[in-house]
Amino acid sequence: MPAPLTLTHVHTPIRLGPVEVKNRVVRPAHQTQLPQAGNVTEALIAYHEARAIGGVGLTIIETMGIHYTCPGTLWGFHPQMGETYPRMMERLKRHGMKVFQQLWHAGHNTMTLDGSPPWSASDQASTELVPVYAAGVPLAMTKPMIDEIVEAYATTARNCELWGADGVEVHAAHGYLPAQFLCAATNHRQDEYGGSLENRARFLIEVLEAVRAAVSPGFAVCVRLSPDDLAGGLGPQELNRVAAMIESRGLAGVFNLSMGVYQTIRKVIGAMQEPVFYELPTSLPIREGLKTPVIMIGRIRTLEEADQIIRNGDCDMVCMNRATIADPDLVRKTLAGEAERVRPCIACNQGCLGQESSPGHIACAVNAGTGREQLVGDALLKPAETPRRVLVVGGGPAGLEAARVAALRGHKVTLVEAQPRLGGTINLAGMAPTRAGIRDIVVWLEEELYRLGVEVRLSTYVEADDIGSFGADTVIVATGATPRLDGLQVSNPGELVQGMDQPHVISSNGLFEGERKDLGRTAVVIDDLGHYEAVAAADHLIAKGLKVSFVTRHAAFAPRSEPFYVNEAALQRLARGDFRVLPRTRAIAVEADGVVVASIYGSADSNVTEKLPADTVVFVSHNRPNRGLYEALRARGVEARVVGDANSPRFLTFATLEGHKAGAAV
């Protein structure tokens with residue numbers, strides 16, 4: 001089927017050195033945690049095959065460690081790789097997708113396989129924020145060590161060609177080993193590998209020369225580069241010169257441009273606060289004057305957006321990673337004229353980075369099948385043998401997903417929602433600064449329900465006595481949860497916060513619903529949860545000009561949302577106002593003009609307390625599930641399932657997963 005007329009470039013083939021790719025959509029290398037003990041698994045194959053079936057032109061497989069000093073999630077030196085990797089290549093390439101393998105050495109940014117010190121350009125420790133990966137002061141590599149690593153790159157590239165890959169990508173971005181040599185801030189050497197840019201580029205040039213010599217002329221070589229804005233860091237102009245050195249030697253068929261290092265990690269995978277194309281200002285100067293094809297990235301969500309920047313001459317191919325994590329069929333649907341059916345990525349990073357709802361592997365907040373392709377997902381749904389009448393009570397994300405999936409299977413579905421619009425608490429979350437995009441998934445789910453013929457009744461509150469009037473064969477209860485304002489704090493559960501019944505104490509829901517018209521001039525946010533909910537409340541209050549004190553039992557600011565790369569950006573916004581964080585702190589009592597707080601380690605009658613001014617107090621804790629309807633139905637013998645926050649108050653990834661499973665099970 002021909003591409004929609006609005007597309008001019010992204011659906012057309014392109015040649016990357018010796019390899020032709022069928023379209024301009026790239027899935028860049030990203031950690032899935034689906035390999036086990038360094039080896040390819042069936043789960044990894046199934047995950048990538050779903051995107052190959054969906055029409056992606058080029059996938060770059062996640063980090064393959066080329067040496068024991070940097071194992072990666074895949075080990076190029078694994079003794080079984082010669083058996084498992086070819087099987088993955090056969091499965092992926094049968095769908096016409098080209099596959100490159102990323103070759104990775106993190107230098108001082110990871111642990112070695114045997115526990116020995118990491119290797120790097122100089123003896124400068126990593127800024128890695130995850131303690132398990134922070135390996136301490138590295139060994140400054142000697143010339144024999146450099147030669148050993150160069151040869152390891154070449155050997156691994158040669159093996160990748162033997163195993164069936166179409167090319168390799170040498171990862172020289174994000175502050176990993178080649179970048180540690182390139183960057184003056186991490187390279188303090190006095191020999192031929194340090195000093196001038198030409199010397200600092202020597203290691204990368206030697207790696208690429210060795211790789212190119214080790215593989216056949218028909219095998220592609222890609223280089224990934226990224227600038228950063230740190231003092232002494234690699235700027236776009238320097239990287240332009242490095243790319244020109246590589247191009248002049250004919251060492252790469254394509255450049256893959258990104259941005260950021262560990263110190264600026266929020267820029268590496270931009271969350272909801274970043275705009276579309278946010279990386280273009282730092283990527284365009286690197287591309288200047290190059291003739292080699294260039295791949296760019298930057299929270300690009302649709303083929304229309306990808307086509308635009310290619311058409312503008314900004315790049316030749318576009319990375320669309322999270323967009324195809326959210327919907328593996330993005331390319332296929334769009335080229336078939338069904339762009340509106342593409343499930344949107346909302347850049348929440350909760351499943352792909354935070355890996356919420358999954359046992360340590362990639363997931364997706366809006367796609368239950370991501371990382372579970374063998375077990376769950378739209379591709380596994382089958383028409384119901386006997387269509388049934390399904391009633392879904394609750395129009396939040398869990399209920400919407402349950403109704404969608406049940407309708408896909410051919411059931412007659414009715415969804416009732418007590419509020420005048422669908423979305424549940426997602427509507428409130430979307431009111432926080434920079435978070436409006438979270439509602440995109442609600443809009444998509446709503447449109448899918450109407451497309452599938454689901455009967456939707458808004459402003460309809462039902463109780464157990466009402467269920468019989470719907471004539472349903474089965475009921476899915478998705479009635480959400482209620483904020484609790486009882487003053488329970490997990491750190492000190494036996495000592496409830498006193499004074500919680502006062503009118504200036506509200507939940508985050510109440511804050512965004514506008515329960516309190518006059519917020520005053522000062523506020524205290526009590527965060528017992530540690531997720532983004534309290535951050536959103538504080539962000540909202542600071543934006544309105546209040547002085548905010550953030551009281552949390554945790555050792556750090558919102559630790560449960562730290563993996564999503566949103567905290568740093570939020571703290572930067574909060575710092576523009578009068579904002580203070582009090583970690584390892586709890587509330588003792590709410591008074592008319594403030595909140596008395598103390599250390600979580602002190603007793604309530606301790607003299608070591610502080611009173612924080614507060615015209616408004618926002619209490620954020622674990623909510624209470626609304627299970628009443630479900631329990632009443634079960635007591636009457638009605639077939640019912642409970643999903644989402646009504647089952648247990650958690651977050652969007654769980655709501656989507658449970659809603660999907662319930663819809664698939666009826």
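**Entry 1: helix α19.** I began by listing the buried residues of α19, which are Leu652, Thr653, Ala655, Thr656, Leu657, Glu658, Gly659, His660, Ala662 and Gly663. I note at the outset that the model is predicted. The count is 10 buried residues out of 14, and I record α19 as mostly covered. I then looked for the cover over these buried residues and found that it includes α12, α13, β18 and β29, the last at residues 640-642. For the length of α19, I took 1.5 Å a residue, by which its 14 residues should span 20 Å; the end C-alpha atoms are 20 Å apart, so the two agree.

**Entry 2: helix α12.** I turned next to α12, one of the elements that cover α19. Its residues 397-408 number 12, and at 1.5 Å a residue they should span 16 Å; I find 16 Å between the end C-alpha atoms, in agreement. Of these 12 residues 11 are buried, and I therefore describe α12 as largely enclosed by the rest of the structure. The buried set runs Pro397, Ala398, Gly399, Leu400, Glu401, Ala402, Ala403, Arg404, Val405, Ala406 and Ala407. I note that Glu401 and Arg404 are among them. Against what do the buried residues of α12 pack? I find β15 (389-393), β16 (412-416), α13 (426-429), α14 (440-451), β18 (474-477) and α19 (652-665). Just after the helix, I recorded a positive phi of about 100° at Gly410.

**Entry 3: helix α6.** I examined α6, residues 202-214, in the same manner. Its 13 residues reach 18 Å from first C-alpha to last, close to the 18 Å expected at 1.5 Å a residue. I list Phe203, Leu204, Ile205, Val207, Leu208, Ala210, Val211 and Ala214 as buried in α6. These buried residues pack against the helices α3 (143-162), α4 (177-182), α5 (197-200) and α7 (236-248), and against the strands β10 (167-171) and β11 (220-225).

**Entry 4: two single residues.** Is Pro383 buried or exposed? I looked it up in the loop between α11 (330-335) and β15. Pro383 is exposed, since its relative accessible area is 67%, over the 50% cut-off. From Pro383 to Val477, 94 residues along the chain, I find a C-alpha separation of 22 Å.

I then took Leu574, which lies in helix α17, residues 567-574. Leu574 has a relative accessible area of 0% and is therefore buried. Setting aside neighbours within four places in sequence, I find Leu574 in contact with Ala538, Asp539, Ile542, Phe557 and Phe579. Between Leu574 and Tyr47, 527 residues apart in sequence, the C-alpha distance is 38 Å.

**Entry 5: the whole chain.** I closed with the overall values. The protein chain has 19 helices and 29 strands. With 666 residues, a compact globule would have a radius of gyration near 26 Å; I find 27 Å for the protein chain, which agrees. The C-alpha trace spans about 75 × 70 × 45 Å along its principal axes. Buried residues make up 59% of the 666. Among contacts with a separation of 6 or more, I attribute 70% to residues 24 or more positions apart. The accessible surface comes to about 25000 Å², and carbon and sulfur atoms hold 52% of that area. For charge, I compared the mean positions of the 64 positive and 73 negative charges and found them 3 Å apart.

Note on methods: Residues numbered from 1 in each chain as written. Predicted model: local features only at pLDDT ≥ 70, side-chain atom pairs only at ≥ 80, totals over all residues. Heavy atoms only, no water. Helix = DSSP H or I, 4+ residues; strand = E, 2+ residues; numbered from the N terminus. Rg over C-alpha atoms; globule rule 2.2 N^0.38 Å. Buried < 20%, exposed > 50% of the residue type's maximum accessible area, 1.4 Å probe, protein only. Contact = heavy atoms within 4.5 Å. Areas by Shrake-Rupley, 256 points an atom, 1.4 Å probe, with all protein chains shown as cover. Lys, Arg positive; Asp, Glu negative; His and termini not counted. Charge placed at Lys NZ, Arg CZ, Asp CG, Glu CD. Expected span 1.5 Å × (residues − 1).
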